Amino acid sequence: MSPSLSPRKPVLVAPKEAADEGPGQNWLALVESITRGERSGMEELYRVFSRGVRFYLCRQLGPQDLDDKVHDTFVIVVQAIRRGELREPDRLMGFVRTVVRRQVAAQIDRSVQSRREQAELATSTAVSDQRNTPEEAAIERQHEEVAEAVLRSISGRDREILTRFYLLEQTQEEICGEMNLSETQFRLLKSRAKARFGELGRKKLARRKYFEK
Amino acid sequence: MQFDIGSHLVEADLEQYSMGRFPEARLDAFEEHLLACELCQDRLLEMQAYVNAVRSVSPKLRQSNRPRWREQLFRPRPTWVAAFAMGVVVLGLGRIWLVAPRPPTDFAAVFLHSSRGIEGLAVAKAPAGKPLALNIDLSELPALPSYHIEIVNSQGQPVWQTTASAHEGKIAPKLTNGLAGGQYYLRLYTTDGKLLREFGLRIDPNQ
């Protein structure tokens with residue numbers, strides 16, 4: 001079973017299932033199943049959201065204790081559903097996101113508080129080493145090599161345009177105005193450079209890591 | 001069982017999100033889809049890697065372009081050219097020195113976004129001892145006219161602080177003296193002292 005990615009990516013489903021229930025109806029079925037305490041409902045919830053929750057938490061908080069944070073999030077979601085706190089089942093995605101965001105905010109508060117307490121206790125407190133691991137450093141270096149190859153392969157003017165956009169954060173309007181570009185030229189330049197980066201780097205990109213189980 | 005998770009995210013939105021410039025008003029729908037769509041998660045990862053890599057490499061390429069014109073300007077010439085040039089320079093120096101604008105300081109741009117941690121790519125890094133142009137993303141934070149910013153070292157001791165105004169969802173204070181190598185944390189407060197967010201900042205002495 002797989003979540004539908006409508007409308008661009010069709011998902012193969014059994015005709016009877018597709019005829020009986022629309023995708024929106026299935027959020028309701030899933031929530032009801034969880035409310036009844038059925039194992040299959042919780043498995044389905046985990047299947048649909050586990051990677052996304054890991055992804056979001058890792059993106060916001062880093063990989064430390066990620067498994068525990070993901071577990072805590074699912075416990076909170078399931079308990080809330082069972083208590084009937086999710087009144088509109090088709091808003092399940094939004095509900096999960098709200099829980100994840102609260103988890104992130106709470107974790108940040110805890111980290112700040114803990115660091116403050118440590119600083120008050122000792123002047124030479126040990127802190128975790130936040131440098132990249134050798135593997136992370138290698139991946140980062142590879143990305144930079146690919147980006148450098150892409151940037152060196154284009155003209156100085158095109159490079160300046162990308163630098164203004166990504167590094168100096170000038171808006172499209174500012175760049176087009178100052179460098180006498182049409183919006184189409186600007187978009188094309190960006191998308192070609194990005195496509196080239198993807199093409200050169202695809203084999204090197206280690207796309208699945210901490211948030212992947 | 002299939003679920004309606006909406007349409008895939010468009011490239012421009014992924015780009016804006018990666019750069020911390022995604023409009024708050026559309027964030028709910030964007031992140032809800034992202035939570036349930038593996039394909040878009042992978043596309044976002046690739047976009048994030050691209051944006052970070054371009055940001056890392058661009059300053060280096062810009063700097064590597066500079067020596068070429070400097071070499072042209074200062075390459076050895078016959079002695080009489082040097083003498084003539086020196087005379088012109090000496091005559092003009094007194095006038096020019098007082099009225100000419102100083103060259104802009106070469107700041108290292110540091111982007112501090114709420115997101116971090118994927119493969120270490122989104123960790124804010126900066127070179128040691130170099131003036132820093134901070135760029136602090138305010139998305140998901142209360143919109144205020146100004147914010148108090150404090151940088152503490154790894155032991156929690158404040159090393160720098162300022163108050164800065166927000167502009168287009170960002171604040172961009174500058175540290176003209178830079179920081180020594182080490183791990184720092186930048187804390188963002190309301191002007192009455194309520195902590196809003198903390199960002200990690202690694203200053204690399206070897207960069």
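**Fold of chain B, a helix pair in chain A, and salt bridges**

Of the 207 residues in chain B, 47% are buried. The structure is a predicted model, and the values reported here are computed from it. Chain B contains 4 helices and 9 strands. The order of these elements from the N terminus is α-α-α-α-β-β-β-β-β-β-β-β-β, with the helices therefore preceding the strands in chain B. When contacts within chain B are restricted to residues at least 6 apart in sequence, 63% of them connect residues at least 24 apart.

Within the strand region of chain B, strand β8 (residues 182–189) is mostly covered, with 7 of its 8 residues buried. Strand β8 of chain B pairs with strand β4 (residues 146–153) of chain B, and the two run antiparallel and are joined by 6 bridges. In this pairing, B:I149 has B:L188 of β8(B) as its bridge partner. Strand β8 of chain B also pairs with strand β9 (residues 195–204) of chain B, again in the antiparallel sense, over 8 bridges. Here B:Y185 is matched with B:G200 in β9(B). The strands β8(B) and β9(B) form a hairpin with 5 residues between them. In that hairpin, B:G193 adopts a positive phi near 95°.

In chain A, helix α7 (residues 156–167) packs against helix α9 (residues 183–201), their axes coming within 11 Å and crossing at roughly 90°. The two helices α7(A) and α9(A) are therefore roughly perpendicular to each other. On the side of α7(A), the contact is made by A:D158, A:I161, A:L162, A:F165 and A:Y166. The residues contributed by α9(A) are A:F186, A:L189, A:K190 and A:A193. By class, the residues of this contact between α7(A) and α9(A) comprise 7 nonpolar and 2 charged, with no polar ones.

Over all chains, a search of the whole structure identifies 21 salt bridges. One of the salt bridges connects the two chains: the side chains of B:D42 and A:R51 meet at 2.8 Å, N to O. The pair runs from helix α3 (residues 38–74) of chain B, which holds B:D42, to helix α3 (residues 39–61) of chain A, which holds A:R51. Both B:D42 and A:R51 are buried.

Within chain B, the side chains of B:E11 and B:R43 form a salt bridge at 3.3 Å, N to O. B:E11 belongs to helix α1 (residues 11–18) of chain B and B:R43 to helix α3 of chain B, so the pair ties together parts that are 32 residues apart in sequence. B:E11 is partly exposed, at 38% relative accessibility. B:R43 is likewise partly exposed, with a relative accessible area of 24%.

Within chain A, a salt bridge is formed by the side chains of A:E38 and A:R36, at 2.7 Å, N to O. A:E38 is partly exposed, with a relative accessible area of 31%, whereas A:R36 counts as exposed at 54% relative accessibility. In addition to these pairs, a network of salt bridges links A:R97, A:R101, B:D28 and B:E31.

How values were computed:
Residues are numbered from 1 along each chain as its sequence is written. Chains are lettered from A and ligands numbered from 1 in the order in which they are written. This is a predicted model: local features need pLDDT of at least 70, side-chain atom pairs count only at pLDDT 80 or more; totals for chains, interfaces and linings use all residues. Side-chain values use heavy atoms; hydrogens and water are left out. Axes are lines fitted to C-alpha atoms, for helices over the stretch in contact, and angles run from 0 to 180 degrees between N-to-C directions. Angles under 35 degrees count as roughly parallel, over 145 as roughly antiparallel, 65 to 115 as roughly perpendicular and the rest as oblique. Contact means heavy atoms within 4.5 Å. Ala, Val, Leu, Ile, Met, Phe, Trp, Tyr, Cys and Pro count as nonpolar, Asp, Glu, Lys and Arg as charged, and the others, Gly among them, as polar. A salt bridge is a side-chain nitrogen of Lys or Arg within 4 Å of a carboxyl oxygen of Asp or Glu. Buried means under 20% relative accessible area, exposed over 50%, partly exposed in between (1.4 Å probe, protein chains only). Two strands pair if DSSP finds at least two bridges between them.
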